[in-house]
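Welcome to a short guided tour of a protein model. Keep the sequence and the 3D view open side by side as you read.

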Amino acid sequence: MPLAFSPRTMRAAGAKQCGLTLALLLVALSPQAEGAPSKKKDDRKWCLMCHREPAYAAFKDSAHADLLCRDCHENNQFNPHEPVEEFSGDLTQLKPFAKSDPVALAACAGCHEDMGTSAELMPHGRADGALKPPLPYCLDCHGEPHQIQKVEDLPQPQRRLAENATCTACHGNPERMDGGTLAIGIEPVETYADSMHLRKVLLGSANAPGCVDCHGGHHTADLRKAPEQACNKCHEGATAAFASLVTHKPVTAAQKPVSFWTQKFFAWLTFLTILGLLGHISLDITHSLGARRGRPGK
Amino acid sequence: VDALESEETPVAPAEPAEPPPLVAAPAVDAPESKEPPAAPVEPLQLLGQPAVDALERSESPAATVEPVPPPVATVLRFDLHQRLQHGLLASSFVLLVVTGWPLAAHSAKASASAAIVALFGGIERCSGIHRIAAIVMVIASLYHLAYLAVLASRRGLSASMLPSPGDLRNLGQNLLFFVGKRGERPKFPRFSYFEKFDYWAVFWGVAIMVGSGLVRWFPVEATGIFPPWVYEIAHYAHADEALLAALAIFIWHFYNVHLRPGVFPMSRVFLTGRLTLEQLQEEHGAEYEELMRARAQAEAKAKEGG
């Protein structure tokens, strides 16, 4: 009889009995007793019996390829683990479990301890150390961990564009911003979209900044306190007056009157001037052509 | 600008011993009283001989040695300095418009912007070329101002480039002519109202563009000197005035100078600096008549003297 390992057949075979056997095996092959290669072999042998697709193919090429399943999936130290919930059998319906579970953050911090506690993850963290929706977890920004790539491997400006896309996924979404506890609106994204900074990024500049270059990724100071610090990374000697120009305020009569009226002035100046010049030209052309038709001999 | 005629003619003949003037002596200044009218003064041609030179040359003995086709009578409109100033200004202008476009365009993703940036080898080099072209434009402008200063010190600037009530009259007459309510084109002076418009539009435009461009080039320094709203104005004025200037030059200036019926496809005056007498009569009727009057006077004087 051919062996077919799927959750369905596993359960059908009697998970409890099987689980006992495997648990004993795990104890025997504990990490302390074995070197890394056999650990990995062990992981692949047992976890991948069920969890081969769809994540594993991309996982092999990801930045996390060297990790063991249980390095992150800390709740599942015994195989086979208790089903998280009644499973339909459809692997594509599996919930992205880590996205909704703070334990996932703990799993990340196991290796990425330099990322600090949530209180330090300004402005996304909370002073009380709690992470609550709608504030993001690691994976909300960093994406599916089985497919994660090192951002340093991307050349500029693709790296910045990827980072920008991560930020704008929430900050460019009015539903996320307007009703949320932060209520800062999508103006930062909109005004950045019309800035020299983004235009240069889109035109391939390796130096023009994205969101993260000014606002930081994990450890960022509150830019409202000393915004010129961010400017000084590129514009040496920038003052608070300099930084006041990059406010992410929309160009409206109320918010940025000087910019607003400068634009209005030039819009009308250009419109009226060109209208007059085109009028002059059309009269000239009409006359010249008419004169030619009227007096062919001339 | 050719603002060099000194209409106060009595003064001019009083300085015959002066070194050759930097710029074209006005036609009415023809110092025919000190030399026979036939004397050829070829080497100084480019630096501005009396505009009636060519007329005289056709009668010179040298021309009779070999049977060459009779030269077309021309007058010098723009001397070498003016043509150089125009050349520097025009080439830097085109370069500035093209290299500035990608960052001024609201959609940087647009294919035209990307194509221009690729043409110049990347956005950083595009910006570098923009700054070099800006320096060339500043040099052209300083050259022009120095030229005006030299003119002013030598012979006094004429008012021929300044706007005058006659321009409004000419505008009215020209519009009437266009719609058929007037039989003939108005007789324009040395600089018609639309040429004065071009000159002063560029004058204002260069001042705005250089000022706002410097502020954008050195934002840290600028915000250290001026309040931040100066940068705000410079930021928007630079792109918006650039659009206005580009439209005015590529539509209006090109039409009036090169594309209008009768001149199409291109006028060569900006290269040769010369107008035929026929062109002068047609396009600057008032100046032509003045020239003819001055010639008649000079001839009468020469006869008297001889």
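The report below goes from chain A to the nonpolar regions, the salt bridges, a lysine and the cysteines.

This is a predicted model, in which local features need pLDDT of at least 70 and side-chain atom pairs count only at pLDDT 80 or more, while totals for chains, interfaces and linings use all residues. Residues are numbered from 1 along each chain as its sequence is written, chains are lettered from A and ligands numbered from 1 in the order in which they are written, and side-chain values use heavy atoms, with hydrogens and water left out.

## Chain A at a glance

Chain A has 14 helices and zero strands. Helices (H or I, at least four residues) and strands (E, at least two) are DSSP runs, numbered from the N terminus. Of the 298 residues in chain A, 26% are buried. Here buried means under 20% relative accessible area, exposed means over 50%, and partly exposed lies in between (1.4 Å probe, protein chains only).

About 19000 Å² of chain A is exposed, and carbon and sulfur atoms supply 61% of that area. Such accessible areas come from the Shrake-Rupley method with a 1.4 Å probe; for residues, only the protein chains shown count as cover. Now look at contacts (heavy atoms within 4.5 Å). Among those in chain A between residues at least 6 apart in sequence, 55% join residues at least 24 apart.

## Nonpolar regions

Which residues make up the largest nonpolar core? There are 10 residues: Ile274(A), Leu277(A), Ile281(A), Phe188(B), Tyr193(B), Phe194(B), Leu244(B), Ala248(B), Trp252(B) and Tyr255(B). Two or more residues come from each of α14 (257-294) of chain A, α8 (193-217) of chain B and α10 (228-259) of chain B. The largest share of this core, four residues, belongs to α10(B). A nonpolar core is a set of buried Ala, Val, Leu, Ile, Met, Phe, Trp, Tyr and Cys residues joined through side-chain atoms within 4.5 Å. One core member, Ala248(B), is in contact with Ile274(A), Leu277(A) and His253(B), leaving aside neighbours within four places in sequence.

On the surface, Leu278(A), Val94(B), Phe250(B), Ile251(B), Phe254(B), Leu259(B) and Phe264(B) form a nonpolar patch with about 580 Å² of accessible area together. Patches are made of residues with over 30% relative accessible area and no salt bridge; like charges are joined within 9 Å and nonpolar side chains (Val, Leu, Ile, Met, Phe, Trp, Tyr) within 5 Å. Again α10(B) gives the most, with four residues. Leu278(A) lies in helix α14 of chain A and is partly exposed, at 39% relative accessibility.

## Salt bridges

How many salt bridges does the structure hold over all chains? The count is 10. A salt bridge is a side-chain nitrogen of Lys or Arg within 4 Å of a carboxyl oxygen of Asp or Glu. Here are some of them:

| Acid | Base | Closest N and O atoms |
|---|---|---|
| Asp194(A) | Arg199(A) | 2.9 Å |
| Asp167(B) | Lys196(B) | 2.9 Å |
| Glu287(B) | Arg77(B) | 3.9 Å |

In the pair from chain A, Asp194(A) is partly exposed at 33%, whereas Arg199(A) is buried at 5%.

Asp167(B) forms a salt bridge with Lys196(B). Asp167(B) is in helix α7 of chain B and Lys196(B) in helix α8 of chain B, so the pair ties together parts that are 29 residues apart in sequence. Both Asp167(B) and Lys196(B) are buried.

Glu287(B) forms a salt bridge with Arg77(B). This pair links distant parts of the chain, 210 residues apart: Glu287(B) is in helix α13 (residues 285-305) of chain B, and Arg77(B) is in the loop between β1 (74-76) and α4 (80-104) of chain B. Glu287(B) is buried, with a relative accessible area of 12%, and Arg77(B) is buried at 5%.

## A lysine in a loop

Where is Lys187(B)? Lys187(B) sits in the loop between α7 (165-178) and α8 of chain B. At 43% relative accessibility, Lys187(B) is partly exposed. Not counting residues up to four places away in sequence, Lys187(B) touches Asn170(B), Gly285(B), Ala286(B) and Glu289(B).

## Cysteines

The structure holds zero disulfides over all chains, a disulfide being a pair of cysteine sulfur atoms within 2.5 Å. For Cys167(A), the nearest cysteine sulfur is that of Cys211(A), 4.1 Å away. Cys167(A) is partly exposed at 22%, and Cys170(A) is partly exposed at 23%.
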